[in-house]
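Reader: I am new to this structure and would like to understand the words used to describe it. Could you take me through the reasoning behind them?

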Amino acid sequence: MNEILLGIDPREQSIPALVWAADEAERRGLALRLVVAVPPAHEGLRYDALAHQSALRLRAESAIADAEDLVRELHGGLRIVTERVNGVPATVLRDLAAHAALVVVGSRRLGRAAEVFSENSVVVPLTARAPCPVVVVRVPEHTAVRPPTLVVGVDGSPSSQAAVAFAAAEASLREARLRAVWVWPPSLLAHDDLDEGLAERRRLLAESMAGWTEKYPDVAVSQEVLRGHPVEQLALASQESLALIVGRRGRGGYSAMRLGSTVHGLLHRAMCPVITVPFPRRGERPGDPARADRSPSRTTDRPLPVDPLGTGPPQPPRGTVGREDAPGPSAGSPER
């Protein structure tokens with residue numbers, strides 16, 4: 001977990017995502033790995049398919065070179081590793097995420113059907129299945145707002161506790177305040193006791209946040225219970241935030257259902273970067289704070305990743321890294 005992984009889209013470079021990833025790598029003292037994936041050629045008109053893939057490779061190499069140049073302008077001393085991989089982008093990034101502290105991607109604003117079923121879709125499949133937190137940067141963070149604030153969505157679930165743990169550590173790292181929001185949807189019961197229900201949810205929110213002020217005394221924490229639809233209320237809360245942090249709790253069989261309806265909606269509606277935190281890996285507890293590794297990272301040979309879904313034995317990466325005639329690391333790369 002000694003790097004921040006940034007997915008580079010050769011079709012549409014996301015400058016906000018690149019800046020976010022570079023800043024976060026600098027804060028954490030981690031290396032930044034820039035990865036661009038080139039999808040496989042389709043069957044059919046073989047010549048046209050190969051020509052199209054060749055054009056994509058050239059575009060990918062240009063995009064990753066441009067991204068590296070920009071990062072070096074922002075953070076001259078940052079360790080940068082570049083990698084071009086042949087494979088479906090979402091699958092490539094998911095496999096590499098097994099060894100990353102965070103994965104950062106931009107958003108191409110695909111339609112909902114394309115998000116789930118298109119091979120060009122990255123945000124939904126990656127967010128739903130990555131074994132580490134995923135940051136989707138659709139719009140820049142609100143750095144001009146004072147005091148700087150992170151928002152975390154809380155509902156008392158184990159995945160919510162994982163999000164709170166990450167949010168508290170991130171707020172301390174950024175010297176920001178933490179705004180914990182519990183959204184209480186309207187009840188269908190006509191005689192719902194509003195006062196009693198509000199008091200109960202305030203109590204549950206306080207229990208969910210218990211101990212974090214002591215763990216991070218430098219973080220000012222506010223707690224709010226809001227009435228309304230979770231997506232609408234959390235999207236409003238995101239309007240002046242550095243980032244919105246939520247847990248991933250979906251359990252369905254395909255990507256959108258695994259993601260959960262609230263997170264899926266926030267990826268479209270939130271007005272700041274959205275960080276989704278998966279349920280802790282086996283052997284970890286949801287309440288354990290996420291710890292940023294501030295030690296200098298070293299480039300080592302990466303072992304074969306373990307299947308992030310836990311459905312089988314270790315498998316080799318699904319993309320083929322580089323090719324025999326591919327150019328080597330750039331002059332500034334630590335791998336050279």
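Author: Strand β5 (residues 134-137) is joined to β10 by 3 bridges, and the two strands run antiparallel. Please keep in mind that this is a predicted model.

Reader: What makes β5 and β10 a pair of strands?

Author: Two strands pair if at least two bridges are found between them, and 3 bridges join β5 to β10, so the pair meets the requirement. Within this pairing, V136 has V274 of β10 as its bridge partner.

Reader: How do you know that β9 is also paired with β10, and in which direction do the two run?

Author: Strand β9 (residues 243-247) shares 4 bridges with β10, and because at least two are required, they count as a pair. Their direction is parallel, and in this pairing V246 stands opposite T276 of β10.

Reader: Why are both faces of β10 called covered?

Author: Strand β10 spans residues 274-277, with V274 and T276 on one side and I275 and V277 on the other. A residue is called buried when its relative accessible area is under 20%. All four of these residues are buried, so each face of the strand is described as covered. For the protein as a whole, buried residues make up 50% of the 336 residues.

Reader: What are the values for the packing of helix α9 and helix α11, and why is the pair called oblique?

Author: Two packed helices are described by the angle between their axes and the distance between the axes. For α9 (residues 230-237) and α11 (residues 261-269), the axes come within 9 Å and cross at roughly 40°. An angle under 35 degrees would count as roughly parallel, and 65 to 115 as roughly perpendicular; the crossing falls in neither range, which makes α9 oblique to α11. The crossing is, in addition, right-handed.

Reader: Which residues make this contact, and how do they divide by type?

Author: On the side of α9 the contact is made by P230, V231, E232, L234 and A235, and on the side of α11 by S261, T262, G265, L266 and R269. These residues divide into 5 nonpolar, 3 polar and 2 charged.

Reader: How do you know that L226 lies close in space to V181, and what does L226 touch?

Author: L226, found in strand β8 (residues 221-227), is 45 residues from V181 in sequence, while their C-alpha atoms are 7.1 Å apart. Leaving aside residues up to four places away in sequence, L226 touches R179, V181, W182, V183, W184 and Q233.

Key. Residues are numbered from 1 along each chain as its sequence is written. This is a predicted model: local features need pLDDT of at least 70, side-chain atom pairs count only at pLDDT 80 or more; totals for chains, interfaces and linings use all residues. Side-chain values use heavy atoms; hydrogens and water are left out. Buried means under 20% relative accessible area, exposed over 50%, partly exposed in between (1.4 Å probe, protein chains only). Axes are lines fitted to C-alpha atoms, for helices over the stretch in contact, and angles run from 0 to 180 degrees between N-to-C directions. Angles under 35 degrees count as roughly parallel, over 145 as roughly antiparallel, 65 to 115 as roughly perpendicular and the rest as oblique. A crossing is left-handed if the near helix is turned anticlockwise from the far one by less than a right angle, and right-handed if clockwise. Contact means heavy atoms within 4.5 Å. Ala, Val, Leu, Ile, Met, Phe, Trp, Tyr, Cys and Pro count as nonpolar, Asp, Glu, Lys and Arg as charged, and the others, Gly among them, as polar.
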